[in-house]
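Dear colleague,

I am handing over a structure for you to look through, and below it I have written down what was found, in an order that should be easy to follow on screen.

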Amino acid sequence: MCTYLTEKVSISGSGKGPSGWFKVTDASVYFDHPVHAQAEHTLNIDFLDPAAGPSARVAVELTAESALALVKAIQATLDSAPPGLVT
Amino acid sequence: MYDAMLAETVTIAGHNGDEIEAYSARPLRPGPVGGVVVIHHLPGYDRQTAEFTRALAAGGYNAAMPNLYHREAPGASPDDAMAAARAKGAIPIPDERIVGEVAGAAAYLRGLTNANGKIGVIGHCSGGRQAFLAAVSLPLDAAVDCYGGFVVGTPPEGHPLHGVPPLIDRVADLACPLLGLFGQDDVAPSPAQVAELAGALEANGKTYEFHSYEGAGHAFMQVDRPSYRPEAAVEAWQRIWAFFGRYLLSS
């Protein structure tokens, strides 16, 4: 099924696309049909700079299991950073 | 048999007469031939749906697929356009706009010199819902709903389609025969929802035929997805050819 669901979040950082590095200002997170991954539904993240147009995008499509593992890894990495670095 | 066809991106007048992109595939023979509007799924105006459109042209129909995300990202690649539409909060596309884009594609097909004036619509996944939407909104000659979700039932609170009246409530407005192709393992639409829709069609005296395939789930006709079920898909295509042949070939 097409879930239609999309979570949007403002972010700050950079991503690397086919034309090189660019700043990213927005991310879309959604669990829906992938374009490329061989699964029926995947957790998809688009890192975007809408001001630079639709092609300013770094996209990933992850199985639900992979996405949950990534969430844990991100959390563990931030938790293990030396005190004072994560603000 | 002369089998040349032309497939190309064209500009059509969509909702409100605005210019949008569409993918057109048509047999290069004098006709008369029927026309089919193809409605893409949520991932967009992609290669797979373009193949679907060309398959209809190879089968003898003028076919056109409006790019439902063209307005959000003109000129972008299909997947970037889908992402842009999501980022702009444009998904789901409002029903009124979808109907307008389909009407524009139908008008484009009716205007082709080899057209017989008959127009069908077909869509898969969310496009299946939109095919049903078009069939209760526009004067068409045939409609095919390939496993469209949210025709029956109310999406939960917080869902983008929550608050949109269920399409099944408009079944009385269906003005053309409907072919439904479903997988028995699907959850949207579930077998119970398919049965509910069939009951509503029956109660309203509509012409329809539904086929639900064992061992098939959602998107069983998508050839490059793990959901592909060749046996069900091949039979479903046979049903499509027979259905369009019955309702779109006579002039």
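In chain A, four strands form an open sheet in the order β1-β2-β3-β4, and their pairing is antiparallel. Please keep in mind while reading that this is a predicted model. As background, the strands of a sheet pair through backbone hydrogen bonds, and they can do so in either a parallel or an antiparallel way. Because β1 (7-17) and β4 of chain A stand at the edges with a single partner strand each, one side of each is left without a neighbour in the sheet. From one strand to the next, the twist averages 25°.

Within this sheet, β2(A) and β3(A) pair in the antiparallel sense over seven bridges. If you would like a residue to look for, Asp26(A) has Leu48(A) as its bridge partner in β3(A).

The sheet is also where the other chain comes in, since helix α2 (residues 78-87) of chain B packs on it and touches β1, β2, β3 and β4 of chain A. The direction of this helix makes about 75° with that of β2(A).

Turning to the two chains as a whole, 22 residues of chain A are in contact with 27 residues of chain B. On the side of chain A that touches chain B, β2 (20-32), β3 (42-48) and β4 (57-62) each supply at least two residues, and the largest share, four residues, comes from β2(A). Sorted by class, that side of chain A has eleven nonpolar, five polar and six charged residues.

With best wishes

Definitions and conventions. Residues are numbered from 1 along each chain as its sequence is written. Chains are lettered from A and ligands numbered from 1 in the order in which they are written. This is a predicted model: local features need pLDDT of at least 70, side-chain atom pairs count only at pLDDT 80 or more; totals for chains, interfaces and linings use all residues. Two residues are in contact if their C-beta atoms, placed from the backbone, lie within 7 Å. Ala, Val, Leu, Ile, Met, Phe, Trp, Tyr, Cys and Pro count as nonpolar, Asp, Glu, Lys and Arg as charged, and the others, Gly among them, as polar. Two strands pair if DSSP finds at least two bridges between them. Axes are lines fitted to C-alpha atoms, for helices over the stretch in contact, and angles run from 0 to 180 degrees between N-to-C directions.
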